[in-house]
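Biologist: Hey, could you walk me through the aromatic rings in this one?
Modeller: Sure, let's pull it up.

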Amino acid sequence: MTTIGWIQILLFCAIIVALAPLLGAYMTRVFSGERTFLSPVLRPVEAVIYWLGGVDEKREQHWLTYTIAMLLFHVGGFLILYALMRLQASLPFNPAEQSNVAPDLAFNTAVSFITNTNWQNYGGEGTMSYLTQMLGLTHQNFLSAATGIVLAVALIRGFARASAKTVGNFWIDITRCTLYILLPICIVYTIFLVWQGMPQTLGAYVEATTLEGAKQTIAVGPVASQVAIKMLGTNGGGFFNANAAHPFENPTALSNFIQMLSIFVLGAALTNVFGRMVGNQRQGWAILAVMGILFIAGVAVCYWAEAHGTETLNALGLTGGNMEGKEVRFGIVASALFAVITTAASCGAVNAMHDSFTALGGMIPLINMQLGEIIIGGVGAGLYGMLLFVILTIFIAGLMVGRTPEYVGKKIEAKEVKMAMLAILAMPLMMLGWTAVAAVNPQALTQLGNAGPHGFSEMLYLYVSSTANNGSAFGGITANTMFFNITGAVAMFVGRFFMIIPAMAIAGSLAEKKSVAASSGTFPTTGGLFIGLTVGVILVVGGLTFFPALALGPIVEHLAMQANTVF
Amino acid sequence: MLKEIRPAIILLVLLTLITGLAYPLAMTVIAGVIFPNQAQGSLIEKDGKVVGSSLIGQVFADDKYFHGRPSATNAPDPKDATKTVDAPYNASNSMGSNLGPTSKALAERIKGDVDTLKKENASAAIPVDLVTTSGSGLDPHISPEAALFQVPRVAKARSLPEPQVRALVESNVEGRTLGLLGEPRVNVLKLNLALDALKS
């Protein structure tokens with residue numbers, strides 16, 4: 001570990017903290033329907049969309065209608081994406097002559113993109129046509145991200161409103177989120193990325209003759225426009241197989257730094273939106289503090305483990321850390337930091353191969369996802385995941401003092417706690433249940449890329465990443481098989497919708513309640529006690545649930561590595 | 001619920017067209033005008049022919065060139081499409097080795113590479129990036145130490161004085177961005193092009 005490494009980490013944190021209130025203020029205006037500096041350009045477009053779609057701007061929706069609208073939107077998105085992949089050979093913008101995608105792979109990928117997972121069982125440059133990348137994947141990157149954000153906003157409205165029947169209008173929220181927040185940032189961001197060296201072309205793959213006279217086919221494409229939303233929307237599905245490790249998908253140290261910022265910025269800003277909408281920004285800062293504590297702890301462990309290297313390398317006198325699967329332009333610190341960020345948020349982009357991380361370095365991404373990606377989290381999903389844990393914490397605090405718990409002026413009662421627990425229990429069921437099934441499936445075991453405990457970690461990572469809608473992988477596993485395609489898709493589906501629907505039910509239930517004034521018996525939720533208690537609840541729930549599985553994978557592998565045992 | 005179906009269809013179609021077609025196509029046009037070189041893939045031409053991209057590594061095996069890092073990319077086996085064969089620096093199939101810290105295959109590969117490098121230059125410590133594969137398999141860079149390690153071999157193969165080659169390496173070192181981000185590095189293709197230019 002070096003000083004300059006830690007300076008990079010702290011600079012990253014400082015910029016996120018500085019951006020959160022700025023962007024939070026803007027996003028609050030957008031979702032409150034107020035005018036913004038972009039309104040002169042975008043308002044006419046927005047009005048036309050509502051007019052064509054028959055959307056009444058004055059009408060708001062009950063939480064159930066809001067959820068149904070969201071689900072309808074997903075069904076449509078799924079059908080478009082699936083059809084594009086199955087038909088791409090006969091459609092335009094296909095200079096590399098990619099064939100149609102197989103049905104089980106197309107099913108897995110379509111579920112993966114509508115759930116904001118963006119798991120890559122496909123190879124990017126070897127599978128998808130330019131049309132599929134743009135009209136299918138880029139578009140779904142926008143819409144699944146926008147969906148996450150607007151659901152979080154609906155939940156926030158549930159906390160903020162009193163005696164209300166509605167939580168907003170899904171159609172208005174999704175349109176405004178796409179037009180006012182995601183698109184403008186992506187346009188500027190794309191130009192920056194191209195400047196850094198990212199291709200943006202519809203031309204065919206380039207044939208080069210190398211200095212030694214060999215032929216090299218260089219895959220290019222409309223990369224930058226997709227990568228912008230891939231990072232900003234915490235989607236993470238790469239244009240190329242190697243994702244953000246590919247020099248075209250992450251050309252420089254500066255592009256890498258900005259990509260890391262763009263993974264966190266909207267999620268961090270949403271904590272501020274929460275604070276503003278419930279009328280006390282300190283409530284938002286308290287949540288961001290909980291996230292920050294868990295984040296820094298993860299970075300420290302991962303950075304230390306990777307800088308320390310593996311016994312295989314150290315025994316040969318190779319110093320400089322574990323560079324297997326990492327790029328020289330990023331080095332150890334930017335690779336370790338990226339890995340923690342991408343799994344803390346539900347991004348899943350990778351700039352180094354997590355499969356080749358040290359045992360403990362690779363365990364941190366696993367833990368981040370197992371805790372439900374509540375450290376910043378997926379755009380929106382992170383905030384409502386964290387609020388579920390907050391509800392649990394408040395409930396436990398209430399039990400300790402024997403009072404009905406309250407949070408930001410709302411009584412937390414049986415219905416909210418039941419819904420929060422439903423979501424919190426559905427995750428480990430998918431993560432651990434499917435891993436157990438795969439571990440006793442002989443056909444699945446032949447697909448592993450590594451033997452010994454690392455092979456178990458590969459399977460565990462697959463289902464943890466799928467359920468948490470992350471999409472990063474221990475890539476050694478050959479997951480493009482019928483078994484993994486189908487079971488992975490089920491995990492992604494349950495992971496997304498068993499989180500969203502309970503969260504929306506809580507939103508609806510809270511919105512209907514009266515607001516109660518804080519009294520001397522109210523547990524203050526902006527101070528250190530609350531922050532510490534929430535961190536504790538998250539670690540206890542996560543620790544009790546996942547420690548046995550981690551012991552079988554990364555922990556035993558770490559011990560084997562120290563003894564210089566190989567498999 | 002029925003009244004939600006019309007907006008579902010219309011908004012899906014409109015937003016799909018905006019974000020899936022209008023946005024990427026407009027960005028392609030704008031990027032092509034402002035940064036035409038980068039938008040096409042930062043290609044390098046020599047005598048009118050594309051010799052590669054400054055961002056994509058390529059295979060260098062000859063003693064007279066600086067070598068890049070090992071690469072784990074592969075390609076379909078021409079004899080059997082269900083299998084793959086090693087194809088380093090295959091720029092249409094990026095991938096890492098995905099071998100874990102306790103992998104026997106990885107340990108043996110690194111040991112073999114270390115033994116080869118020791119024969120080449122016994123006096124310097126072996127830089128770790130010279131025996132590890134990159135995440136993409138296309139890493140265009142090596143560390144400055146990895147380039148300096150190869151100086152004696154390259155100088156000998158080209159019958160050039162070592163200080164001249166060393167000076168060329170040092171002038172090709174790219175530092176940290178803003179003095180802070182990333183790691184110091186040397187672009188192998190650019191360095192080798194500079195090396196070829198020395199002769200003429």
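Modeller: Below we go through some ring pairs, then charges over rings, and keep in mind that this is a predicted model.

Biologist: How many aromatic pairs are there over all chains?
Modeller: The count comes to 28.

Biologist: Take Trp434(A) and Tyr463(A): why is that pair stacked?
Modeller: Their planes are at 25° and stacked needs under 30 degrees, so the pair gets that label. The ring centres are 6.5 Å apart.

Biologist: Where do those two sit in the chain?
Modeller: Trp434(A) is in helix H14 and Tyr463(A) is in helix H16, 29 residues apart, so to speak a link between distant parts of the chain.

Biologist: And is Tyr463(A) buried or exposed?
Modeller: Buried, because its relative accessibility is 0%. Trp434(A) has 22%, so that one counts as partly exposed.

Biologist: OK, another pair. What do Phe523(A) and Phe530(A) form?
Modeller: An edge-to-face pair, with 65° between the planes and 6.3 Å centre to centre. Phe530(A) is buried at 1% relative accessibility, while Phe523(A) is partly exposed at 22%.

Biologist: Which cluster do they belong to?
Modeller: Ring pairs link them with Phe159(A), Phe274(A) and Tyr407(A).

Biologist: Switching topic: what sits over the ring of Tyr180(A)?
Modeller: The charged end of Arg176(A), 4.6 Å from the ring centre.

Biologist: And which residue lies over the face of Phe357(A)?
Modeller: That's Lys326(A), at 4.2 Å from the ring centre.

Key. Residues are numbered from 1 along each chain as its sequence is written. Chains are lettered from A and ligands numbered from 1 in the order in which they are written. This is a predicted model: local features need pLDDT of at least 70, side-chain atom pairs count only at pLDDT 80 or more; totals for chains, interfaces and linings use all residues. Side-chain values use heavy atoms; hydrogens and water are left out. Rings of Phe, Tyr and Trp (its six-membered ring) pair if their centres lie within 6.5 Å; planes under 30 degrees apart count as stacked, over 60 as edge-to-face and the rest as tilted. Helices (H or I, at least four residues) and strands (E, at least two) are DSSP runs, numbered from the N terminus. Buried means under 20% relative accessible area, exposed over 50%, partly exposed in between (1.4 Å probe, protein chains only). A charge sits over a ring if NZ of Lys or CZ of Arg is within 6 Å of the ring centre and within 35 degrees of the ring normal.
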